[in-house]
Structure formats: structure tokens, C-alpha cells
Amino acid sequence: MKELLRPIAAIALSALVLLGAAAALRPVAERNRAAEREAMMARLLPGGSGFVPEEYTGEDENIRAVYGADAGYVIETVTAGYAGDVTLLVGVGKDGGVTGVVVRDLHETYGLGREALTDTAFLGQFLGTAGEASVGKDIEALTGATVTSKAIAKGVNSAAAFVTGADVSSSATEWGDW
């Protein structure tokens, strides 16, 4: 019986040490996440700093979060893509012009819509737009990923419309509606 107690005590002690370390490091991890988010937002909105979460009470169902700064806003949008939701962070200056776009999450097809994560030429097309980005007109779609491209355009347009006060009726992303 004594032979069994030692390993059990060692396992219990190890578990307590790990739990204590995790609890002690939790505030550090949270500060790191906040610093990373702030740095990302500063890249999306040049001249922006000290981003403050703002309550969004508008009617645009694509907007999930709004962060304000002196230079403008960073807006989180979620739109329906081909294989699921597409989450963006969009920097928009006070004039309503898009200053940066980053795809934070998507589950699109590898080699097609998934390219939106890293295709800077595609995402760069949205810079300077102000809620009027349209796939097939001024935005060239990702090859084989029209639905994903339209979802991103819809999110970017929603973000710009938040700042300009425009009504967004972006291109649909559901099958049969385009």
C-alpha cells in the first residue's frame, strides 16, 4: 500500500504545482493578448492608439465589435462565406476610407477561399474603399472563391458604412442570391 501512496502523492503534488503556475501566468497571458490586439489594430489604423471598445447598437448584423481611437475605428465583422463564417478586422479612418483589412478566422476550402488569409494583393484591393467595394466591378475575386470574396467585401462594406452612416446592401453570399 505504501508503494502506491508515493506515486499518487507525487502526481497530486505535480498537479497542484501546474495549477498554481497556470493561475499565476493567466494575467500575463491576458496582457499579452491585449498587447497583440492593440498592435494589430494600430497596423490596421495608422495613427490609431488607445483603442476603446464601444457599444454597437446598430442594425447591421455583420458588425460584432467596434473599437474607437482618435484616428478612426477598427471594426470586427462576421459574414457568411462558402464553408462558414468569415471574421474580419477592418480599419476605417474618420473619413470612412478603409485603411486596413485582416482575416481573423475562416474555414473556407484549401487552395481556394482559404487563400484570403494570406493573399495581400486581394485584401489590398479594399484599401481606400468607403463602403462601395463590389466583387466583379472594382474588386477582383479570388480565383474559384467568389462566395468568399463577396463575404469579405460585405464585411468591409459594413465596417465602412458604420463610420459613414451609409446603408449597406452588399452583394449576397448565399447560393442562388448572386
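Two strands count as paired if DSSP finds at least two bridges between them. By this criterion, the predicted model holds an open sheet of five strands in the order β1-β2-β3-β4-β5. The pairing is antiparallel. β1 (52–54) and β5 stand at the edges. Each has a single partner strand, so one side of each is left without a neighbour in the sheet. Neighbouring strands are turned against each other by 25 degrees on average, direction ignored.

Within the sheet, β3 and β4 are joined in the antiparallel sense by nine bridges. One residue pair gives the register: Tyr-73 has Val-92 of β4 as its bridge partner.

Two helices pack on these strands. α1 touches β2, β3, β4 and β5. The direction of α1 makes about 140 degrees with that of β5. α3 also lies across β2, β3, β4 and β5. Its course runs at about 145 degrees to β3.

The largest nonpolar core contains 27 residues. Leu-88, Val-90, Val-101, Val-103, Phe-126, Ile-152 and Val-156 touch the most other members. Two or more residues each come from β2 (63–69), β3 (72–80), β4 (85–93), β5 (98–105), α2 (120–124) and α3 (146–164). α3 gives the largest share, six residues.

Leu-88 illustrates the contacts made by a core residue. Residues up to four places away in sequence are not counted here. Its partners include Ile-75, Glu-76 and Thr-77. Val-101, Val-102, Val-103 and Arg-104 are also touched by Leu-88. Ile-152, Gly-155 and Val-156 complete the list. Apart from the largest core lies another, of 11 residues. Among its members are Met-40, Ala-65, Tyr-67 and Val-102.

The second largest pocket has a volume of about 180 Å³. Its lining is formed by Arg-33, Glu-36, Arg-37, Met-40, Met-41, Tyr-67, Glu-76, Leu-89 and Arg-104. Five of these lining residues come from α1, the largest share. Met-40 and Tyr-67 thus appear both in this lining and in the core of 11 residues. Glu-76 and Arg-104, also in the lining, are contacts of Leu-88.

Helix α1 spans residues 2–44 and includes Ile-8. Ile-8 has a relative accessible area of 48%. Exposed requires a value over 50%, so Ile-8 is classed as partly exposed. Ile-8 and Asn-62 are 54 residues apart in sequence. In space, their C-alpha atoms are 52 Å apart.

Definitions and conventions:
Residues are numbered from 1 along each chain as its sequence is written. This is a predicted model: local features need pLDDT of at least 70, side-chain atom pairs count only at pLDDT 80 or more; totals for chains, interfaces and linings use all residues. Side-chain values use heavy atoms; hydrogens and water are left out. A nonpolar core is a set of buried Ala, Val, Leu, Ile, Met, Phe, Trp, Tyr and Cys residues joined through side-chain atoms within 4.5 Å. Buried means under 20% relative accessible area, exposed over 50%, partly exposed in between (1.4 Å probe, protein chains only). Helices (H or I, at least four residues) and strands (E, at least two) are DSSP runs, numbered from the N terminus. Contact means heavy atoms within 4.5 Å. Axes are lines fitted to C-alpha atoms, for helices over the stretch in contact, and angles run from 0 to 180 degrees between N-to-C directions. On a 1 Å grid over the protein atoms alone, a cavity is a set of points where a 1.4 Å probe fits but cannot get out, and a pocket is an open set with protein on both sides within 12 Å along at least five of seven lines; lining residues have an atom within 4 Å of a point. Grid points are joined across faces, edges and corners, and a volume is the space filled by probe spheres set on the points.
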